[in-house]
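Me: I'm new to looking at protein models, and I'd like a close look at one part of this one: the pockets, please. Could you walk me through what lines them and then what sits around them?

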Amino acid sequence: MLKVVIVEDEYMAQTGLGHLIEKINPEYHIAGYADNGCDGMVLVKEVKPDIVITDIKMPRMNGLEMIESLRKIHMDCLFVILSGYAEFSFAQQGISLGVTDYLLKPVTVQKIKDLMERLEQKLKPVRREAKKEEAVYSLLVTKVIGYIHEHYQDKLTLDDLAERYKVTPEYLSRMFSREVGRPFVNYLKEYRIGKAKEMLQKGNRKIYEIAFEAGYSDVKYFCRVFKEVTGVSPKKYLQYGENEDKIE
């Protein structure tokens with residue numbers, strides 16, 4: 001699915017263009033509308049569309065100013081200038097801003113079809129590369145999770161794992177959170193406490209032994225983390241197990 005944002009200050013032109021685009025192909029989705037460059041910037045940063053179609057002359061911030069501002073923060077969507085013939089020479093300034101294409105008024109169904117086909121062709125290699133990157137992200141995080149499961153008893157830090165897999169800590173942190181849905185430190189903590197719970201349920205173990213085997217050399221710190229995750233101390237968990245009704 002291609003996500004499109006339309007930035008146009010004339011309501012009828014804005015919604016009319018959106019309806020035509022979605023009618024041409026059900027895979028084209030209008031992710032949002034804005035009627036000025038300032039609101040357009042906010043919308044584009046929020047929805048991260050594949051394509052932005054923008055008018056030039058608008059209140060508060062014009063289309064070229066919006067594109068320039070979005071380029072500065074490295075938004076890599078395709079930008080299309082919506083232009084009348086009288087504005088075309090002005091619109092050519094967009095070339096220096098990396099504008100991908102132009103849609104000349106009056107807009108027709110054929111013009112939109114041709115435009116969207118050209119944009120799809122430009123996006124194909126980008127999407128192929130994105131899929132490759134996604135596969136790399138998933139493989140990296142899968143390896144890190146496997147390493148955590150095998151070595152949770154050891155001292156594990158994000159920096160150490162980043163060095164092991166030859167990426168930066170910032171990159172690993174970002175990819176881990178993206179793939180798993182929570183930060184590395186939270187995942188490690190919850191996995192270790194899960195293992196501690198399993199050991200407590202088996203009984204006949206000292207809390208300090210369990211703490212050490214779960215990867216905590218400081219028993220007091222282990223007890224604090226255990227209660228933070230489970231809501232009860234290891235001692236009470238050892239006494240009552242999963243029967244929370246008995247825990248006061």
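Reply: Start with the largest pocket, which has 18 lining residues. Go to its centre in the viewer and you'll find Lys48, Asp50, Asp76, Val126 and Ala130 nearest to that point. Keep in mind that this is a predicted model. The volume of this pocket comes to about 600 Å³.

Who supplies the wall? Helix α5, which runs over residues 109–151, gives the most to this lining, with nine residues. Sort the lining by class and you get nine charged residues, eight nonpolar ones and one polar one.

Now hop over to the second largest pocket, at about 290 Å³. It is lined by 14 residues, and the ones closest to its centre are Leu156, Leu188, Arg192, Tyr216 and Tyr221. Two elements give two or more residues each to this lining: α8 (184–202) and α10 (219–230). Of these, α8 has the largest share of the lining, with six residues. The class count here is eight nonpolar, three polar and three charged.

Two of those central residues are worth another look. The charged end of Arg192 sits over the ring of Tyr216, 5.5 Å from the ring's centre. You can find a similar kind of arrangement elsewhere in the chain, where Arg164 lies over the face of Tyr165, at 5.8 Å from the ring centre.

Since we're on rings, let's stay with them for a bit. The model has nine aromatic pairs. One of them joins Phe176 and Phe184 edge-to-face, with 5.8 Å from centre to centre and 85° between the planes. Both Phe176 and Phe184 are buried. Another pair, Tyr187 with Tyr191, is stacked instead: the centres are 6.4 Å apart and the planes are 10° apart. These two tyrosines both belong to helix α8, the helix you just met in the pocket lining, and they are four residues apart, about one turn of the helix. Is Tyr187 buried or exposed? Tyr187 counts as buried because its relative accessibility is 11%, and the cut-off for buried is under 20%. Put these rings together, add Tyr152, and you have one aromatic cluster: Tyr152, Phe176, Phe184, Tyr187 and Tyr191.

What about α10, the other helix you met at the second largest pocket? Phe226 is found in α10. With 0% relative accessibility, Phe226 counts as buried too. To get a feel for distances in this model, try drawing a line from Phe226 to Val47. They are 179 residues apart in sequence, and their C-alpha atoms are 38 Å apart in space.

Finally, zoom out and take in the whole chain. It has 11 helices and five strands. Its C-alpha atoms fill a box of roughly 85 × 40 × 30 Å along the principal axes. The radius of gyration is 27 Å, whereas a compact globule of 248 residues would have one near 18 Å. As for burial, 39% of the 248 residues in the chain are buried, with Phe226 and Tyr187 among them.

Key
Residues are numbered from 1 along each chain as its sequence is written. This is a predicted model: local features need pLDDT of at least 70, side-chain atom pairs count only at pLDDT 80 or more; totals for chains, interfaces and linings use all residues. Side-chain values use heavy atoms; hydrogens and water are left out. On a 1 Å grid over the protein atoms alone, a cavity is a set of points where a 1.4 Å probe fits but cannot get out, and a pocket is an open set with protein on both sides within 12 Å along at least five of seven lines; lining residues have an atom within 4 Å of a point. Grid points are joined across faces, edges and corners, and a volume is the space filled by probe spheres set on the points. Ala, Val, Leu, Ile, Met, Phe, Trp, Tyr, Cys and Pro count as nonpolar, Asp, Glu, Lys and Arg as charged, and the others, Gly among them, as polar. Rings of Phe, Tyr and Trp (its six-membered ring) pair if their centres lie within 6.5 Å; planes under 30 degrees apart count as stacked, over 60 as edge-to-face and the rest as tilted. Buried means under 20% relative accessible area, exposed over 50%, partly exposed in between (1.4 Å probe, protein chains only). A charge sits over a ring if NZ of Lys or CZ of Arg is within 6 Å of the ring centre and within 35 degrees of the ring normal. The radius of gyration is taken over C-alpha atoms; the globule rule is 2.2 Å times the number of residues to the power 0.38.
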